[in-house]
Amino acid sequence: MLAAIQEMFTQQKAETKELLAQQEITTKELLTQQEITTKELLAQQEITTKELLTQQEITTKELLAQQEIRTKELLAQQKAEILDETTRNIKFLLDTEVQTRFNLLAEGQQIILEKLVPASRVEALEEDVQVLKTAVRQLSEDMEQLKRA
């Protein structure tokens, strides 16, 4: 009986060694498979990360372009508003200051024109002066002749 128990222990020992060997092989296979899967997942993750970064870069560039366009539109709008306001201010200045000064100038000219002698009267006076000059010259000549005589 002891021999039978010993044989049973020996047989169990052999079976345990075989099971341990199989378990070690299975563990090595699982570790190898896990390593391969981890490498594949890391590679996929790297690819996905690069794709996401590329997409993010594209999106950022698109957003920057849109922002630049919007900024230019806002600047153009602001420039137009400034021009409109400046134009209104200039018109107001012209209406108030310049128009008032032109009116005063026109009034002054009107007063001067009213005081001016009409051109026809000046022409008549010029003719009269010419006649008087001729008469004075004639009289001077006559006096000179009389003095000589």
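Visitor: Where does H1 bend, and by how much?

Guide: Welcome! In this predicted model, H1 bends at Leu94, by about 35 degrees.

Visitor: How do you know that the length of helix H1 agrees with what its residues should span?

Guide: Helix H1 covers residues 2-115, which makes 114 residues. At 1.5 Å a residue they should span 170 Å, and the end C-alpha atoms are 161 Å apart, so the two values agree.

Visitor: What else is there in the chain, counting helices and strands?

Guide: The chain holds two helices and zero strands.

Visitor: Why is the chain called more spread out than a compact globule?

Guide: For 149 residues the globule rule gives 15 Å, but the radius of gyration is 61 Å; that is well over the rule, so the chain counts as more spread out than a compact globule. The box filled by its C-alpha atoms fits this picture, at roughly 205 × 35 × 15 Å along the principal axes.

Visitor: How much of the chain counts as buried?

Guide: Of the 149 residues, 0% do. The accessible surface comes to about 14,400 Å², with 61% of it belonging to carbon and sulfur atoms.

Visitor: Why is Gln138 called partly exposed?

Guide: Buried means under 20% relative accessible area and exposed means over 50%. Gln138 has 41%, so it is partly exposed. You will find Gln138 in helix H2, residues 119-148.

Visitor: How far is Gln138 from Ile69?

Guide: Their C-alpha atoms are separated by 94 Å, and the two residues are 69 residues apart along the chain.

Notes
Residues numbered from 1 in each chain as written. Predicted model: local features only at pLDDT ≥ 70, side-chain atom pairs only at ≥ 80, totals over all residues. Heavy atoms only, no water. Helix = DSSP H or I, 4+ residues; strand = E, 2+ residues; numbered from the N terminus. Expected span 1.5 Å × (residues − 1). Bend = angle between axes of the 7 residues up to and from the residue. Rg over C-alpha atoms; globule rule 2.2 N^0.38 Å. Buried < 20%, exposed > 50% of the residue type's maximum accessible area, 1.4 Å probe, protein only. Areas by Shrake-Rupley, 256 points an atom, 1.4 Å probe, with all protein chains shown as cover.
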